[in-house]
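Thank you for making time this morning; I would like to walk you through one structure, beginning at its ligand and then moving outwards along the chain. Please have the sequence and the model open while I talk.

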Amino acid sequence: MRVRKLPWAEEYLPKQAALVVNCQDYKGKWKELLGRDQIHLEIGSGKGDYWKGMSEKYPEYGWIGVERNTSVAALALKKVEGNDLPSRRFICSDAKYLDEWFEEKELSVIHLNFSDPWPKKRNMKRRLSHHQFLEVYRKLLDDDGKIIMKTDNTQLFEFSLIEFQNSGFHLDEVYLDFRKEEHDEDVITEYEAKFIKKGQPIYRGVFSK
Ligand SMILES: C[S@@+](CC[C@H](N)C(=O)[O-])C[C@H]1O[C@@H](n2cnc3c(N)ncnc32)[C@H](O)[C@@H]1O
């Protein structure tokens, strides 16, 4: 996500009640912290529209957003300033540390929305649906755990379908044009809104363990 560096972000972030800094301390305790039996984790939350919208639509679940870009994370947290929900938190860090923060089987659903496609082969490992990430997700998801992925990017979607299959995930649902119909159960992300405006199809896959 291209956002100019916001000079106030570094100072602003740690003051936000929804931000969790010492994530390792909550390993195995997130359900207790959020007061919910099921945890949804969004990786690469960007400016937070999905995380905010879904946590308000489904307050019966715990919602954690992860975004590594400080300026973008600050914009996400600004959207919920003064509107703290006990069931949502935000982490400003890199998803490569996920297994330091979460215990095995601690998560119910992982959401990957419009992840960076990293088109060059040499950057393949950075894709959030690369099998090295999928191995970690598999460990952290409970037995009924799911990964829900949306993207506009054909190459990334093709790549991901193969990675999910080779990592032993089952394809439960697939959409090649998800927004052709109304989907009130789901929230439109910032990127998604742009692609819908341009008339581009949105791919969506639901994968289970
Ligand atoms: C293309 S944007 C999509 C943002 C949002 N999900 C949406 O749909 O509008 C991808 C976001 O993922 C974040 N990101 C990429 N790799 C990440 C990682 N390894 N850990 C945390 N965030 C990551 C980027 O900083 C960027 O903000």
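I will take the ligand site to begin with, then some buried residues, and then a few residues in loops.

Before the details, please keep in mind that this is a predicted model, in which local features need pLDDT of at least 70, side-chain atom pairs count only at pLDDT 80 or more, and totals for chains, interfaces and linings use all residues. Residues are numbered from 1 along each chain as its sequence is written, and side-chain values use heavy atoms, with hydrogens and water left out.

Let me start with the surroundings of the ligand, where a residue is called near if one of its heavy atoms lies within 4 Å of the molecule. There are 18 residues around the ligand, and those that come nearest are G44, E67, N113, T189 and Y191. By class, this shell divides into 5 nonpolar, 7 polar and 6 charged residues, where Ala, Val, Leu, Ile, Met, Phe, Trp, Tyr, Cys and Pro count as nonpolar, Asp, Glu, Lys and Arg as charged, and the others, Gly among them, as polar.

Which atoms of the protein approach the ligand through nitrogen or oxygen? For G44 it is a backbone N or O atom, which lies 2.8 Å from a nitrogen atom of the ligand. For E67 it is a polar side-chain atom, and this one is 2.6 Å from an oxygen atom of the ligand. R68 contributes a polar backbone atom, placed 3.3 Å from a nitrogen atom of the ligand. The ligand has 590 Å² of accessible area on its own, and the protein covers 96% of that, with areas computed by the Shrake-Rupley method and a 1.4 Å probe, and, for residues, with only the protein chains shown counting as cover.

The space that the ligand takes is the largest pocket. A pocket here is found on a 1 Å grid over the protein atoms alone, as an open set of points with protein on both sides within 12 Å along at least five of seven lines, and a molecule sits in it if more than half of its atoms lie within 2 Å of its grid points.

Now to one of those nearest residues, N113, whose place is in strand β4, residues 107-113; helices (H or I, at least four residues) and strands (E, at least two) are DSSP runs, numbered from the N terminus. Is N113 buried or exposed? N113 counts as buried because its relative accessibility is 6%, and buried means under 20% relative accessible area, exposed over 50%, and partly exposed in between, with a 1.4 Å probe and protein chains only. The side chain of N113 also makes a polar contact, at 2.9 Å, with the side chain of E42; such a contact is a pair of N or O atoms within 3.5 Å, and within protein one must be able to donate a hydrogen and the other to accept it, while residues adjacent in sequence count only if both atoms are side-chain atoms.

F114 is found in the loop between β4 and α6 (131-140), and although F114 is not a glycine, it has a positive phi of about 50°. With a relative accessible area of 8%, F114 is buried.

Two further buried residues belong to regular elements. H40 lies in strand β1, residues 39-43, and is buried at a relative accessible area of 7%; its C-alpha atom is separated by 4.9 Å from that of W63, although the two are 23 residues apart along the chain. S55 sits in helix α3, residues 49-57, with a relative accessible area of 0%, and its side chain reaches the backbone oxygen of W51 at 2.7 Å.

Finally, the loops. G44, which we met at the ligand, is found in the loop between β1 and α3, and G44 counts as partly exposed because its relative accessibility is 33%. K105 is in the loop between α5 (98-101) and β4, is partly exposed at 41%, and has a positive phi of about 65° although it is not a glycine. K29, in the loop between α1 (9-12) and α2 (30-34), is 73 residues from F102 in sequence and 8.5 Å from it in space, C-alpha to C-alpha.

Key:
1 Å grid on protein atoms, 1.4 Å probe; cavity = no way out; pocket = protein on both sides within 12 Å on 5 of 7 lines; lining within 4 Å.
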